[in-house]
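Reader: I've got this one open on my screen and I'd like to talk it through. Could you walk me around it?

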Amino acid sequence: MGKFETLVATAAPMEARDINTDLIVPGRFLRRLREEGLGECLFRDLRFHEDGTPKPDFVLNRPPYRDAQILVANDNFACGSSREYAVYALYDYGIRCVIAPSFGDIFHNNCFKSGLLPVVLPEADVADLRAQAGTAQGKPFRVDLPSQTVTGPDGVARRFEIDAFRKKLLLAGQDEIAFTLSHGEKIAAFEAARAI
Amino acid sequence: MAKPLTLFEKIWSAHEIHREDDGTSLLYVDRHFIHDGSRTAYNQLAKRGLGVRRPDLTFATPDHYVPTTSRAFEDVEGEDRKDMVASLTRNTRASGVTEFGLNDIRHGIVHVIGPEQGLSLPGMLILCGDSHTSTHGAVGALAFGIGASEVAHVLATQALWQRKPKTMRVVVEGKLGDGVSGKDLVLALIAQIGVNGATGHVIEYAGPAIEALSIEGRLTVCNMSIEAGARAGMVAPDETTFAYLRGKPHAPSGAEWDTAVARWRALRTDPGATFDREVRLDAGSIEPMVTWGNRPSEAIPVAAAIPDPAASDPAQRKLLGAALEYMDLRPGQRMTEVGVDYVFIGSCTNGRIEDLRAAAQVARGRRVAAGVKAIVVPGSGLVRQQAEREGLDRIFVEAGFEWRHSGCSMCLAVNGDTVPPGKRSASTSNRNFVGRQGPDARTHLVSPATAAATAVVGRFADHRSLTRQGG
């Protein structure tokens, strides 16, 4: 489990809904080793022409957003495939938080393993934050996990919900497998009872 | 009196090892399938010096990166793909996990071989690092996809942390028309509820039209649950399920079979149990379907015209317009006027014997249209063998289809089987996303019978018009 506490960073707006994980990282990059890094594959076909030159209109190619660490997206972000490489691509590019009205369920689960924070807020709030990101010219957003708030350049703190269990693990940067193994006796007892 | 429970709730609570104060549960995993994309998970384990806790509950097969033109490892395309496939063999051998390798007749797409081997059984919690794991729910199991870190977690602990999803019942009333398949049913459902219509929910499919489906048809429906955003899809086990599973290699046998069936009969939603959402569909109104856009919800009857984005919800208009542009189509155009370059019959959605029979029935005595490349990729070695016993391979080959070996192939196009840029494909797979079958490829989702009809006509076609005339 990666660690997340607070983040003060530029937010990039991405308006399209139903952005699937194939768009976040196309299937042809899934045979890279994790260690090779996936940042350059992020949104590959939206971000680059076939010859590798950047598409100037794509949000992360525009000057205030190149170093964005927050993405303000739309409904059903990262639906589709279970590929955790979608999280790796965002993380390796530098994104640490994605804000959206809803996420693909598997992606949402995957985020926590790398310390990428998925924030769910009502559609109207996200639309407002997207608009602020669009006009802020790089003025930073603040994401605060302990108080569960996102604050845009307008200074309004919006509270989001997160499971207490996940919050605890994220704040501690706790390794999930190690944590589960600390429940080893319960797993063994459950297993033994089922085998009878 | 005990609170009436849904099928999902019964399976969920039977697997709960521990619950945190906030409601997050640690669940015990009965069956874990892994494939040639599991290198990342094994590398995570190696870093921590951990092994596989229950290799006997874990089964592997290389399906994503393998060639479909041969069974030779040397034909795996490129060194990086070879490493994906070889590392699965290396890792499973070292950890004692059974692998159905490339040369094993039991090889196949993981979601085809689980039910086929009787490894996926009613009441189980089944996981796999692939979103189409929802497929296995068709036998009355709770089955869903997980990411690489969760695969590592399950390998190490045989358990998974999960927040309890919501429930949704999809009741399909009436009877499907002749020649209308499970694929058409699920495309019609997704068109109705949208690609996030079931996000955060587990779907239970019920009603007479679901009960009338074969296991193959139910597997197709459950497979595409994820395309509506659902965490999982499931169907209560019944006589059809028991008849399908009886005698399967890993299903219980003898007295154990009888005990198991008695237990499985209780796996039904109790009368009076409630769901967070209910959706109803009339099977009789469903036609053979085809998608025209880049989301599985953009599906229409094959005889229909493409809708005008201007008539839709303003929030959707821009995306629908972009989809038309990507797909090189225009509003009002009839799908039966649209020509195709590629036809792909296969995948975890439609690579089973019943799918191949439906396609062969249409292909019999006909020829693939000039300029169309059509391939048939059985979902497993055993499906291929069965099809050959029935002579389906000869029907396909004589009609001009290529007869391939099992694998995921052109569904996600990572093994080298791709649709070239700008080319249009009729595909029995599950995703019509931008670039799914290759950069700039244009994918239309259809049933196997519609795919076969489209291959022989050269344009999208209602297969019923062919088989009604020609017999």
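What follows is a short run of questions and answers about this predicted model.

Reader: Let's start with chain B as a whole. What radius of gyration does chain B have, set against a compact globule?

Author: Along its principal axes, the C-alpha trace of chain B spans about 55 × 55 × 45 Å. A compact globule with 471 residues would come out near 23 Å. Chain B agrees with that, as its radius of gyration is 21 Å.

Reader: And what share of the residues of chain B count as buried?

Author: The secondary structure of chain B comes to 17 helices and 19 strands. Among its contacts between residues at least 6 apart in sequence, 75% join residues at least 24 apart. As for burial, the share of the 471 residues that count as buried is 60%.

Reader: Now the inside. Which helix gives the most to the largest nonpolar core?

Author: In soluble globular proteins, nonpolar side chains tend to be buried together. Here the largest nonpolar core has 213 residues, and Ala89(A), Leu90(A), Ile99(A) and Ala359(B) have the most contacts inside it. Eight of its residues come from a single helix of chain A, residues 85-93, and that top contributor is helix α3.

Reader: Where does this core lie relative to the domains of chain B?

Author: Domain 1 of chain B covers 7-165 and domain 2 covers 302-470. Both give residues to this core, so the core lies between domain 1 and domain 2.

Reader: Which residues does Ala359(B) touch, leaving aside its neighbours within four places in sequence?

Author: Ala359(B) is among the residues with the most contacts inside the core. With those sequence neighbours left aside, its contacts are Ile345(B), Val376(B), Pro448(B), Ala449(B), Ala451(B) and Ala452(B).

Reader: What about Arg389(B), is it buried or exposed?

Author: Arg389(B) lies in helix α14 of chain B, residues 381-389. Its C-alpha atom is separated by 40 Å from that of Ala152(B), 237 residues apart along the chain. A residue with 12 or fewer C-beta neighbours within 10 Å is exposed. Arg389(B) has 10 of them, so Arg389(B) counts as exposed.

Reader: Last stop, the open sheet in chain A. Which strands stand at its edges?

Author: The sheet has four strands in the order β1-β6-β7-β8, with antiparallel pairing. Each edge strand has a single partner, so one side of it is left without a neighbour in the sheet; the edges are β1 (6-9) and β8 (157-159).

Reader: And which residue in β8(A) is the bridge partner of Thr151(A)?

Author: Strand β7 of chain A, residues 149-151, pairs with β8(A) in the antiparallel sense over three bridges. In β8(A), the bridge partner of Thr151(A) is Ala157(A).

Key: Residues numbered from 1 in each chain as written. Chains lettered and ligands numbered in written order. Predicted model: local features only at pLDDT ≥ 70, side-chain atom pairs only at ≥ 80, totals over all residues. Core = buried A, V, L, I, M, F, W, Y, C linked by C-beta atoms within 7 Å. Buried ≥ 20, exposed ≤ 12 C-beta atoms within 10 Å, placed from the backbone. Helix = DSSP H or I, 4+ residues; strand = E, 2+ residues; numbered from the N terminus. Domains from an automatic or database assignment. Contact = placed C-beta atoms within 7 Å. Rg over C-alpha atoms; globule rule 2.2 N^0.38 Å. Pairing = 2+ DSSP bridges.
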